[in-house]
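Subject: Structure handover

Hi,

Here is the structure I said I would pass on. Have a look at it first, then read my notes underneath.

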Amino acid sequence: MADAGLADAVAAIAEEAGALALRHWRTDFPRWEKGPNDPVSQVDLDVNALLHARLSALLPDAGWLSEETADNADRLACGRVWVVDPIDGTRDFIRGRDGWAVSVALVEHGRVTIGILDAPARNDVWQAVLGHGATRNGAAIHVGDRRVFSGSRVPSDGLPKADRDLVAVAKPNSIALRIAMVAADEADLVATLRWGYEWDVAAAALIAAEAGATVTDAFGAPLAFNTPRAQAFGVLATAPGIHAAAVERLSERARTLSV
């Protein structure tokens with residue numbers, strides 16, 4: 001099981017990766033589209049290479065799952081696996097906005113045991129170790145105690161009509177940072193209703209859970225990691241008192257979309 005010493009070593013590697021990304025932020029660097037509405041940059045690839053080298057040296061037996069590396073089924077036989085998004089929030093990174101972070105998680109036998117988010121453009125480092133709580137810049141963080149769904153704070157650029165009973169707050173492009181906002185009581189609810197990849201949420205899911213949030217897939221089922229598809233249908237991170245109401249709202253939305 002992971003410990004604080006290992007987490008600190010991972011945080012130091014994530015900090016190095018964040019510093020590399022920050023040196024290129026708001027400069028001219030190659031970028032292109034991997035697919036429709038799916039941007040990537042040379043910086044993503046350079047950060048990925050740094051993380052792979054450093055983390056593989058730290059735990060040579062661990063498998064590897066990253067957004068910017070072709071997947072290899074060999075990871076499924078590994079007891080420990082690094083789950084990495086070199087730059088989560090690439091759109092904000094490319095646009096010169098600060099809503100991006102380096103996301104590193106260690107998964108052991110399907111559970112995230114270390115989660116690190118390094119957001120150098122915001123001067124924020126989030127860290128969690130399974131069973132030991134979560135911190136932001138070294139200070140303990142805790143989810144809010146909201147119990148009424150209406151009025152819940154949601155990171156959003158604009159709420160749809162069906163969610164006008166909620167309150168929009170500033171939304172970074174990084175889904176990991178949005179989940180971390182719930183962990184730090186800057187938001188009450190983050191939800192997606194689409195297939196997403198493990199590397200987007202692994203580190204943040206542990207940070208939020210260790211801060212006291214309830215974190216599941218879109219329909220309230222536990223998240224699993226190092227799965228064959230490396231995907232889950234949606235993610236839902238909330239203050240515990242509104243989780244059931246959030247699941248109900250998402251279920252209603254899913255039924256509407258399927259009609």
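A quick definition before the notes: contact, or touching, means heavy atoms within 4.5 Å. With that in hand, start at Ala-101, which touches Asp-85, Pro-86, Ile-87, Asp-88, Asp-118, Ala-119 and Leu-177, leaving out residues up to four places away in sequence.

Some housekeeping. This is a predicted model, in which local features need pLDDT of at least 70 and side-chain atom pairs count only at pLDDT 80 or more, while totals for chains, interfaces and linings use all residues. Residues are numbered from 1 along each chain as its sequence is written, and side-chain values use heavy atoms, with hydrogens and water left out.

The whole chain

The protein chain has 6 helices and 16 strands; these are DSSP runs numbered from the N terminus, with helices (H or I) of at least four residues and strands (E) of at least two. Its radius of gyration is 17 Å, close to the 18 Å that the globule rule gives for 259 residues, so the chain is as compact as a globular protein of that length. (That radius is taken over C-alpha atoms, and the rule is 2.2 Å times the number of residues to the power 0.38.) Along the principal axes, the C-alpha atoms fill a box of roughly 45 × 40 × 40 Å.

Of the 259 residues, 53% count as buried. Buried is under 20% relative accessible area, exposed is over 50%, and partly exposed is in between (1.4 Å probe, protein chains only). The accessible surface of the chain comes to about 11400 Å², and 52% of that belongs to carbon and sulfur atoms; the areas come from the Shrake-Rupley method with a 1.4 Å probe, and for residues only the protein chains shown count as cover.

As for contacts with a separation of 6 or more, 61% of them are between residues 24 or more positions apart. On charge, there are 25 positive and 34 negative side chains, and the centres of the two sets lie 7 Å apart. Lys and Arg count as positive and Asp and Glu as negative, without His or the chain ends, and each charge is placed at NZ of Lys, CZ of Arg, CG of Asp or CD of Glu.

Helix H4 and what touches it

H4 covers residues 175-183, and 9 of its 9 residues are buried. Among them are Arg-178 and Leu-177. At the start of the helix, a side-chain oxygen of Ser-174 reaches to within 3.3 Å of the backbone nitrogen of Ala-176. After H4 comes Asp-185, with a positive phi near 60 degrees.

Leu-177 is also one of the residues that Ala-101 touches. Ala-101 lies in strand E5 and is buried, at 0% relative accessibility. Its C-alpha atom is 7.8 Å from that of Pro-86, 15 residues away along the chain.

Arg-178 comes up again with Val-154: their C-alpha atoms are separated by 8.7 Å, at 24 residues apart along the chain. Val-154 is in strand E10 (residues 153-155) and is buried at 11% relative accessible area. Beyond four places in sequence, Val-154 touches Leu-159, Leu-166, Val-167, Ala-168, Val-169 and Leu-189.

Two loops with positive phi

Most residues other than glycine have a negative phi, which is what made me stop at the next two. His-109 has a positive phi of about 50 degrees. His-109 is in the loop between E5 (101-108) and E6 (111-119), and is exposed at 71% relative accessibility.

Asn-137 also has a positive phi, near 50 degrees. Its loop runs between E8 (134-136) and E9 (139-140), and Asn-137 is partly exposed at 46%.

Asn-137 is in contact with Asp-124, as are Leu-117, Asp-118, Ala-119 and Arg-136, neighbours within four places aside. Asp-124 belongs to strand E7 (residues 124-129) and is buried at 9%.

One more from the C-terminal part of my list

Gln-231 sits in strand E15 (residues 231-233). Is Gln-231 buried or exposed? It is buried, with a relative accessible area of 19%. Its side chain makes a polar contact of 2.8 Å with that of Arg-229. (A polar contact is a pair of N or O atoms within 3.5 Å; within protein, one must be able to donate a hydrogen and the other to accept it, and residues adjacent in sequence count only if both atoms are side-chain atoms.) Farther along the sequence than four places, Gln-231 is in contact with Trp-195, Gly-196, Tyr-197 and Glu-198.

Cheers
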